[in-house]
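Let's walk through this structure together, one neighbourhood at a time. Keep the viewer open and rotate along as you read.

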Amino acid sequence: MPTNIWNKYKKIKEINSNSKIKTYSAMIEPIIKEIIPKDINDFYIIKERIDNIKYQIKIYDIIEGDEKIYIVIDNNEELNLEIDKLILSDE
């Protein structure tokens with residue numbers, strides 16, 4: 001069964017190999033979402049939503065600065081849209 005792992009990760013080099021296991025160093029290319037809140041109240045609402053979803057969805061990093069919030073996630077279109085809906089919902 002063919003695998004598409006090298007479509008998701010970039011193989012850099014083979015580190016170790018034996019008859020049953022090969023080990024590679026690889027690179028993943030995450031995306032960064034820059035979230036620009038309307039005001040300070042919106043900032044805290046969005047931050048709370050991110051804190052609530054960070055245990056459900058893999059978020060590599062959350063950085064606050066310059067009245068913006070940056071989150072680093074996997075480069076996955078479905079995940080990207082799901083996060084947009086969760087963060088921008090009016091709930």
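Two strands count as paired if DSSP finds at least two bridges between them. With that in mind, and remembering that what you see is a predicted model, start with the strands β1 and β2. Strand β1 covers residues 10–17, and it pairs with β2 in the antiparallel sense over six bridges. The two strands form a hairpin, with four residues between them. To find your place in the ladder, pick out Lys 13: its bridge partner in β2 is Ser 25.

Now look for the aromatic rings. The structure holds two aromatic pairs. One of them is made by Trp 6 and Tyr 24, whose ring centres lie 5.4 Å apart with the planes at 80°. Planes over 60 degrees apart count as edge-to-face, so this pair is edge-to-face. The pair links distant parts of the chain: Trp 6 belongs to helix α1 (residues 5–8), while Tyr 24 is in strand β2 (residues 22–27), 18 residues apart. How exposed are these two residues? Trp 6 has a relative accessible area of 39% and is therefore partly exposed; Tyr 24, at 28%, is partly exposed too. Trp 6 has another partner to look at: the charged end of Lys 11 sits over its ring, 4.8 Å from the centre.

The other pair brings together Phe 43 and Tyr 44, with ring centres 5.5 Å apart and planes at 85°, so this pair is edge-to-face as well. Is each of its members buried or exposed? Phe 43 counts as buried because its relative accessibility is 12%, under the 20% cut-off. Tyr 44, with a relative accessible area of 51%, is exposed, since the threshold for that label is over 50%.

From here, turn to the interior. In soluble globular proteins, nonpolar side chains tend to be buried together. In this model, the largest nonpolar core has 13 residues, and those with the most contacts inside it are Ile 35, Ile 50, Ile 69, Ile 71, Ile 83 and Ile 87. Three elements each supply at least two residues of this core: α2 (40–53), β5 (68–73) and α3 (77–88). Of the core's contributors, α2 gives the most, with four residues.

Finally, zoom in on Ile 69. Which residues does Ile 69 touch, not counting those up to four places away in sequence? Its contacts include Ile 35, Ile 46, Ile 50, Ile 62 and Ile 63, together with Phe 43. Charged residues are also among the residues that Ile 69 touches, namely Lys 33, Glu 34 and Lys 47.

Terms used:
Residues numbered from 1 in each chain as written. Predicted model: local features only at pLDDT ≥ 70, side-chain atom pairs only at ≥ 80, totals over all residues. Heavy atoms only, no water. Core = buried A, V, L, I, M, F, W, Y, C linked by side-chain atoms within 4.5 Å. Buried < 20%, exposed > 50% of the residue type's maximum accessible area, 1.4 Å probe, protein only. Contact = heavy atoms within 4.5 Å. Phe/Tyr/Trp six-rings, centres within 6.5 Å; stacked < 30°, edge-to-face > 60°. Lys NZ or Arg CZ within 6 Å of the ring centre and 35° of its normal.
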